Structures are given as structure tokens and as C-alpha cells.
Amino acid sequence: MNNFFENKKILITGGTGTFGKAFINKILQTNIKKVYVFSRDELKQWEMRIKKIDKRLCFLLGDVRDKERLYRAFERIDYVIHAAAQKHVPSCEFNPFEAVKTNIIGAENIINAAIDRGVKKVLAISTDKAVEPVNLYGMTKGCMEKLFINGNNYTGENNTSFSCVRYGNVIGSRGSVINAWKNAVERNISISLTDPRMTRFWLTVNKAVDFVIYALMNMNKAEIFVPKLSSMNLINLANIFTNNDDTKILITGRRNGEKLHETLISKYEMSNTIKINKDNKEFFVIYQTLEDKINNETLLEDKHDIFNFDYDEYTSENNDQWINIEEMRKLL
Ligand SMILES: NC(=O)c1ccc[n+]([C@@H]2O[C@H](COP(=O)([O-])OP(=O)(O)OC[C@H]3O[C@@H](n4cnc5c(N)ncnc54)[C@H](OP(=O)(O)O)[C@@H]3O)[C@@H](O)[C@H]2O)c1
């Protein structure tokens with residue numbers, strides 16, 4: 001890892017968010033030369049600056065909607081992690097044009113600035129909600145994925161590569177259901193659950209960070225990297241917060257734009273997907289064409305295990321890996 005980051009400069013959009021802060025803690029443990037945090041709110045940057053004292057850390061105020069600002073910020077940057085997003089499903093539904101400006105126009109701006117500034121690798125963070133999306137958040141992130149993957153067509157003589165990582169719910173991230181339920185318990189009020197049949201994919205922020213670093217180091221271009229994750233029923237999760245007291249759970253009915261189960265790899269993508277077991281990680285790489293998949297599979301065959309996975313799509317419901325209550329208790 002140290003060799004990969006030696007003398008390199010990395011910029012992370014959304015560096016003050018849940019993912020960004022954990023990513024920066026980890027990346028500063030390498031011999032990276034500079035880490036640039038790019039986000040809008042100066043208070044969040046100030047709070048981070050006083051907690052994390054490291055000469056290699058630089059704070060840039062800016063909005064991904066502003067292409068000139070990105071062009072200036074990307075000067076002599078080697079790698080970009082694009083984590084900034086408008087990410088709350090209800091807020092995207094209620095403010096749809098804002099979601100488009102940040103998640104779609106913002107992605108276009110990142111791609112153009114990265115190509116024009118000769119950034120080597122750009123990795124965008126996506127979500128299971130981008131797969132067969134039913135809400136605007138998922139649709140904008142699906143669009144972002146397409147822009148990043150097809151952005152490779154614009155690079156011309158510049159060698160910029162674009163890929164994505166896609167994963168599920170980060171335990172305890174800002175605005176997550178877990179935080180809402182913790183808050184309800186503290187206030188001694190019922191917790192709200194929209195549908196007790198619901199399942200979700202879960203991962204810790206540290207697992208997300210490790211996987212993103214791994215993907216950055218191993219990406220070629222136009223891949224979507226998906227970690228193999230564990231699922232959990234929302235009702236089991238809710239029971240942890242109420243100590244199995246059903247009277248403390250208020251069933252509110254499914255929200256507009258909310259799925260019962262999430263999908264990390266659709267049936268349309270599965271045929272272009274390789275399943276890899278390598279470096280103590282089980283993960284998938286989705287290619288854009290069958291030809292790309294076959295070429296990469298041939299390259300992998302001698303060196304890596306391709307693990308057995310027989311599902312025709314990968315959902316939080318048909319998953320063969322589940323978190324039990326005790327494991328989740330430890331993670332919370
Ligand atoms: N959390 C999850 O469960 C989850 C699951 C799958 C994928 N993801 C994806 O992972 C990424 C990171 O999520 P997170 O949980 O770390 O989010 P977060 O905690 O809400 O952080 C979002 C970050 O983006 C910045 N930001 C928002 N709009 C911006 C804009 N227009 N220009 C520049 N910066 C902007 C925010 O700072 P300012 O407000 O100061 O600008 C903040 O630093 C997102 O792309 C999200 O879609 C998250």
C-alpha cells in the first residue's frame with residue numbers, strides 16, 4: 001500500500017462525511033504526500049482540522065456543482081475519490097433538481113476536471129439504491145455510475161481512468177436509520193419501522209474504506225467493484241433497540257421510493273460479473289460487456305479463486321450471508 005501512495009496527492013470530495021473522515025484517517029497512515037478534503041461547509045472542515053492535526057491534510061472549500069472550482073482544485077492531483085452526494089432518499093424526492101445538480105451535474109464536472117487536469121484514477125462511491133432504482137436518489141446515483149463508466153470514452157490522450165465502488169448501508173453513517181433509532185431510544189419514544197419484512201445489506205465504515213482503497217489500487221477502468229456483504233432483517237435490528245419489546249416499534253408503512261429488499265447486482269449485470277476471492281476479500285467486479293468480463297476472467301484464472309455464487313441476481317433477500325443479532329450488537 002505504501003508504494004502505491006508514495007509521493008502521491010489524493011483529493012476526496014465529501015471528505016468531511018462519515019466515509020470521508022474514516023477514509024482520511026486510514027490514508028494518513030500511509031506515506032501519502034498530500035490529502036485534500038473538498039466540501040462546502042467550513043464548520044465541518046474546521047471541526048475536522050482541530051481534531052486531525054497532520055501537515056499533509058489540506059482543506060478546500062468548494063461545491064461539486066462548480067466546475068471551475070474543481071478544475072482549480074484538481075491541479076497536480078493523482079487520485080480522486082468522489083464521495084460527495086446528496087444522499088437522503090426523502091430529501092432527493094422533495095428537492096429533485098438539487099439532487100440532479102449535485103449527483104449528476106457534479107459527476108460530470110468531476111469527470112471533465114479530472115481529464116483536463118490529468119488525474120490518474122478517479123473512483124466514485126455508489127449505492128445499492130442505484131440498481132433498478134425506484135427513487136430519485138438511486139436514479140441519480142445510477143446516472144452517476146453510467147457517467148463515470150462511460151466517462152472513460154472522453155479521456156483521449158490523457159490517461160485518466162474512471163471506476164466505481166457500489167455497496168449497501170453503512171452502519172451508523174450520518175442520517176442512517178440506526179442513528180434515528182438510537183435517538184428515539186434516548187428520548188424514550190417508539191422507533192419507527194416502515195415494513196417488518198424489509199432486509200438490507202450492512203457494512204462497517206472501516207470495511208467500506210478498506211474496500212475503496214483496495215479498488216483504487218486495483219482498478220483498471222470502467223469496473224464497478226461490489227463487496228460481498230451480509231444482510232439483516234430490519235425487524236431483527238429494531239428488536240436490538242427495543243430489547244424485543246414489540247410495543248416500542250411503530251410500523252408506519254413503506255415510504256414512497258422504498259424497496260422491501262435492495263439489490264447489489266441485477267440479473268442484467270450478473271452475466272458480465274466476475275466473483276473473486278482474493279487477498280482475504282470476497283467481491284464482485286461488474287464489467288460493461290461480456291467481452292471485457294471474459295478478457296479479465298482469463299487474466300485472473302491462474303492467480304485467483306473465482307468463488308462459487310449461483311444466484312442470478314444478488315439481493316439483500318437471497319443473500320447467503322446474514323448478520324445475527326449478537327454480531328450486530330457488537331458493531332453498533
Ligand atoms: N452512508 C451510506 O449508508 C452509504 C451507502 C452506500 C453509498 N454511500 C455513498 O457514499 C458516499 C459518502 O456517504 P457518507 O455517508 O459519507 O455521506 P455524508 O456523511 O452525508 O457526507 C457527505 C459529504 O459530501 C459533502 N457534500 C455534499 N454535497 C456536496 C457538494 N455539492 N459539493 C461538495 N461536497 C458536498 C458533505 O459536506 P458539505 O455538506 O460540507 O458539503 C459531506 O462531506 C456518498 O456518495 C453516498 O451516496 C453511502
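**Notebook: ligand shell, a helix pair and Lys129**

I began with the ligand and listed the 31 residues around it, among which Gly14, Gly17, Arg40, Asp41 and Ala85 come nearest. I then asked which elements give two or more residues to this shell, and found helix 2, helix 6 (96-117), strand 5 (121-127) and strand 7 (169-170). Helix 2 gives the most, with three residues. Sorting the shell around the ligand by class, I noted 15 polar residues beside eight nonpolar and eight charged ones. I keep in mind throughout that this is a predicted model.

**The chain as a whole**

Before going further into single elements I looked at the overall fold, where I recorded 13 helices and 16 strands in the chain. The radius of gyration is 20 Å, close to the 20 Å that the globule rule gives for 332 residues, so I can call the chain as compact as a globular protein of that length. Along the principal axes, I noted that the C-alpha trace spans about 60 × 50 × 35 Å. Of the 332 residues, 40% count as buried. Taking the contacts with a separation of 6 or more, I found that residues 24 or more positions apart account for 76% of them.

**Helix 2 against helix 9**

Having met helix 2 in the ligand shell, I looked up its packing against helix 9. The axes of helix 2 (residues 18-27) and helix 9 (residues 205-218) come within 9 Å and cross at roughly 65°, and the crossing is right-handed. Which residues make the contact? On the side of helix 2 I listed Thr18, Phe19, Ala22, Phe23 and Lys26, and on the side of helix 9 Val205, Asn206, Ala208, Val209, Val212 and Ile213. By class, the residues of this contact divide into eight nonpolar, two polar and one charged.

**Lys129**

My last entry concerns Lys129, which I located in the loop between strand 5 and helix 7 (136-151); strand 5 is also one of the elements that give two or more residues to the shell around the ligand. Is Lys129 buried or exposed? I count Lys129 as buried, because it has 27 C-beta neighbours inside 10 Å, where 20 or more are needed. Leaving out residues up to four places away in sequence, I found that Lys129 touches Asn135, Tyr137, Gly138, Lys141 and Glu262. I also checked Lys129 against Phe38, which lies 91 residues apart from it along the chain, and noted that their C-alpha atoms are separated by 24 Å.

Definitions and conventions: Residues numbered from 1 in each chain as written. Predicted model: local features only at pLDDT ≥ 70, side-chain atom pairs only at ≥ 80, totals over all residues. Axes fitted to C-alpha atoms, helices over the stretch in contact; angles between N-to-C directions. Helix = DSSP H or I, 4+ residues; strand = E, 2+ residues; numbered from the N terminus. Left-handed = near helix turned anticlockwise from the far one by under 90°. Contact = placed C-beta atoms within 7 Å. Nonpolar A, V, L, I, M, F, W, Y, C, P; charged D, E, K, R; others polar. Near = placed C-beta within 6 Å. Rg over C-alpha atoms; globule rule 2.2 N^0.38 Å. Buried ≥ 20, exposed ≤ 12 C-beta atoms within 10 Å, placed from the backbone.
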